[in-house]
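This report describes the fold, the core and one pocket of a single protein chain. The sequence and the model are shown first.

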Amino acid sequence: MGEAESERCGPDTAERASACTVREALDRVGGKWAIGILIAASAGPVRFTELERRVEGISRRMLTLTLRNLERDGLLHRHVHPTVPPKVEYTATPMARELYESLVALTSWAERHREAISAARTEYDRTHGRPPV
């Protein structure tokens, strides 16, 4: 955590520290890449290269950072098999598996409403004079 982040999330009070932890947890599990990783890992052990294929658009560096953060937060378990080269698998922890249905529901909602959201954005941009992105 950077210095600016520590200042915002510093434990000035127990309530502030608690709110910060909740916000950080929601940011982590709702992150751009975390949802796909957690859904994939909830089905059982998954290897790095398999995650790289399943999570469309993620770079190796971002996958590594996201896996490390999810492991740090207790959402993934990393198991290194003593082989040459080492075989590394990631498995969702019970805490992450508890999130599974919610994450699937969230992604299903996004897929169902993708076209409506796109149309709303186009209309908003047209109405507010913003160039299309």
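A pocket, as the word is used here, is an open set of grid points with protein on both sides within 12 Å along at least five of seven lines, and its lining residues have an atom within 4 Å of a point. The model under discussion is predicted.

## Second largest pocket

The second largest pocket is lined by Thr-107, Ala-110, Glu-111, Arg-114, Ile-117 and Arg-121. In character, this lining comprises three charged residues, two nonpolar and one polar. The volume of the second largest pocket is about 270 Å³.

## Overall architecture

Six helices and three strands make up the secondary structure of the chain. Read from the N terminus, the order of elements is α-α-α-β-α-α-β-β-α.

The chain has 133 residues, of which 25% count as buried. Its exposed surface amounts to about 9600 Å², with 55% supplied by carbon and sulfur atoms. Among contacts in the chain with a separation of 6 or more, 43% are between residues 24 or more positions apart.

## Nonpolar core

In soluble globular proteins, nonpolar side chains tend to be buried together. The largest nonpolar core of this chain contains 23 residues, and the members touching the most others are Ile-37, Leu-38, Leu-51, Leu-67 and Leu-76. At least two core residues come from each of helix H3 (34-42), helix H4 (48-54), helix H5 (60-72), strand S3 (87-92) and helix H6 (94-127). H3 provides the largest share, six residues.

Which residues does Ile-37 touch, not counting those up to four places away in sequence? They are Leu-51, Val-55, Ile-58, Leu-63, Thr-66, Leu-67, Leu-70 and Leu-76.

## Helix H3 and its end

H3 is largely enclosed by the rest of the structure, because seven of its nine residues are buried. The buried residues of H3 are Ala-34, Ile-35, Ile-37, Leu-38, Ala-40, Ala-41 and Ser-42; the cut-off for this class is under 20% relative accessible area. Just after H3, the backbone at Gly-44 adopts a positive phi of about 140 degrees.

## A cis peptide bond

Val-84 and Pro-85 are joined by a cis peptide bond, for which omega is about -10 degrees. Pro-85 lies in the loop between strand S2 (76-81) and S3. S3 is also one of the elements that supply at least two residues of the largest nonpolar core.

Definitions and conventions:
Residues numbered from 1 in each chain as written. Predicted model: local features only at pLDDT ≥ 70, side-chain atom pairs only at ≥ 80, totals over all residues. Heavy atoms only, no water. Core = buried A, V, L, I, M, F, W, Y, C linked by side-chain atoms within 4.5 Å. Buried < 20%, exposed > 50% of the residue type's maximum accessible area, 1.4 Å probe, protein only. Helix = DSSP H or I, 4+ residues; strand = E, 2+ residues; numbered from the N terminus. Contact = heavy atoms within 4.5 Å. 1 Å grid on protein atoms, 1.4 Å probe; cavity = no way out; pocket = protein on both sides within 12 Å on 5 of 7 lines; lining within 4 Å. Points joined across faces, edges and corners; volume = space filled by probe spheres on them. Nonpolar A, V, L, I, M, F, W, Y, C, P; charged D, E, K, R; others polar. Areas by Shrake-Rupley, 256 points an atom, 1.4 Å probe, with all protein chains shown as cover.
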